[in-house]
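Let's take a walk through this one, strand by strand, and then look at what sits inside and what sits on the surface. Keep the viewer open as you read.

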Amino acid sequence: LYFLGVPFGFFPINPDRKSGFIMPTYGEEAVKGFFIRDGGYYFAFNDCIDMTATGSIYTLGSWDTSLASRYIRRYRFSGGFNAHFSKDILGEKGLPDYVNQNNFSLNWTHQQDPRFRPSSTFAASVNFSTSGYAKYGSTTMNDYLNTQTNSSISYSKTWVGTPFSFSTNFQHSQNSRDNTISLSLPNVVFNVSKIFPFQRKEVVGKMRWWEKISMSYSGTLANNVNVKEKDLFTKTAIDNMQNGVNHNIPISTSLNVLKYINLSPSINYQERWYFRRIDKQWDPAAQQVASDTSYGFWRSYNYNASVSASTKVYGTFQFGPRSKVQAIRHVITPSVSLGYMPDFSDPRYGFYRALQNDS
């Protein structure tokens, strides 16, 4: 650097990544007092990953620390995480507004390069914090005003050359105002795309009608729970879980009848598996309906069948040779369909029963 043409300072610039100290900032907060904030050390491990460790201290007793890192593998993946812990002490001990809490937040993002493993994908966006972090531990206006956080982690896989595919995801939603947490973990989907099970490996000549029968499969496992933050890692969360497995198998084919009629019959079968059942019965002593929860394995099912027929009728109306419009061509597509599904509320299926609900 030069001042009036006279050099007075020399600062070498090193193009390589270097570790070093991070100078803190200082100031004053109305509820925490004077502070020295965000001082720490930066670690430059290599070109693929780094880490920053910082901390803050307040004169009224509060303190916090955070750890942040970024990582990247070119043409593979990239991401970063940030963990923050704070000890928040506000007000005077013994007063109603006195606060002494431990709060934390965790943020993690991960992206996979589309060119890396094209048959599978993995992505994550995690934002989790205690309910008191936004109110007492946040240091930015955005964190203070944010009362809703959401997270998602997903993975999918397809097997090239096969009809199979698989996906699973984790969902999290948190409201810091009423301390409620909603979790979906895991949600799993397994699919088998349309296949022709009776088709010959080498088709020679005209296809038989049974070779046109196609079927597919979709299986879904879901597990959801809504719980208060204080009950997240307790038996209450397990008792409130709602889970089950759903299977869906559609079967269809297409036939040509009398050369001009296209006939399309189909059958759909659905089955559900449950692992908890609530039995209700009338309690004459208490004069109310009593509920009893049982754990085990139960299944329910339903099915339906349908058939449709359609054809096309073509017609042409020709005008005279002197007309500007020579002809009009029209197509009529008549169709008819019929569907059937049993009445599964019938007592013989065992899905419903009568229940006494008063005296």
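Strand S10 (residues 120-129) runs antiparallel to strand S11 (residues 148-158), and the two are paired over 6 bridges. To find your way into that pairing, pick Ser-120: its bridge partner in S11 is Lys-157. Keep in mind that this is a predicted model.

S11 also pairs with strand S12 (residues 164-175), again in the antiparallel sense, with 11 bridges between them. Here you can start from Thr-158, whose bridge partner in S12 is Ser-165. S11 and S12 form a hairpin with 5 residues between the strands, and in it Gly-161 adopts a positive phi near 85 degrees.

Now for the inside. The largest nonpolar core has 6 residues: Ile-181, Leu-183, Val-225, Val-227, Leu-232 and Ala-237. Strand S13 (180-195) and strand S14 (214-228) are the elements that each give two or more residues to this core. Zoom in on Val-227 and, leaving aside residues up to four places away in sequence, you'll find that it touches Asn-179, Thr-180, Ile-181, Leu-232 and Ala-237.

And the outside? Tyr-26, Ile-36, Ile-57, Trp-63, Phe-85 and Phe-104 make a nonpolar surface patch of about 650 Å². One of these residues, Trp-63, lies in strand S7 (residues 63-73). Is Trp-63 exposed or partly exposed? Its relative accessible area is 39%, so Trp-63 counts as partly exposed, because that label covers values from 20% to 50%.

How values were computed. Residues numbered from 1 in each chain as written. Predicted model: local features only at pLDDT ≥ 70, side-chain atom pairs only at ≥ 80, totals over all residues. Heavy atoms only, no water. Core = buried A, V, L, I, M, F, W, Y, C linked by side-chain atoms within 4.5 Å. Buried < 20%, exposed > 50% of the residue type's maximum accessible area, 1.4 Å probe, protein only. Helix = DSSP H or I, 4+ residues; strand = E, 2+ residues; numbered from the N terminus. Contact = heavy atoms within 4.5 Å. Patch = residues over 30% accessible without salt bridge, like charges linked within 9 Å, V, L, I, M, F, W, Y side chains within 5 Å. Areas by Shrake-Rupley, 256 points an atom, 1.4 Å probe, with all protein chains shown as cover. Salt bridge = Lys/Arg side-chain N within 4 Å of Asp/Glu carboxyl O. Pairing = 2+ DSSP bridges.
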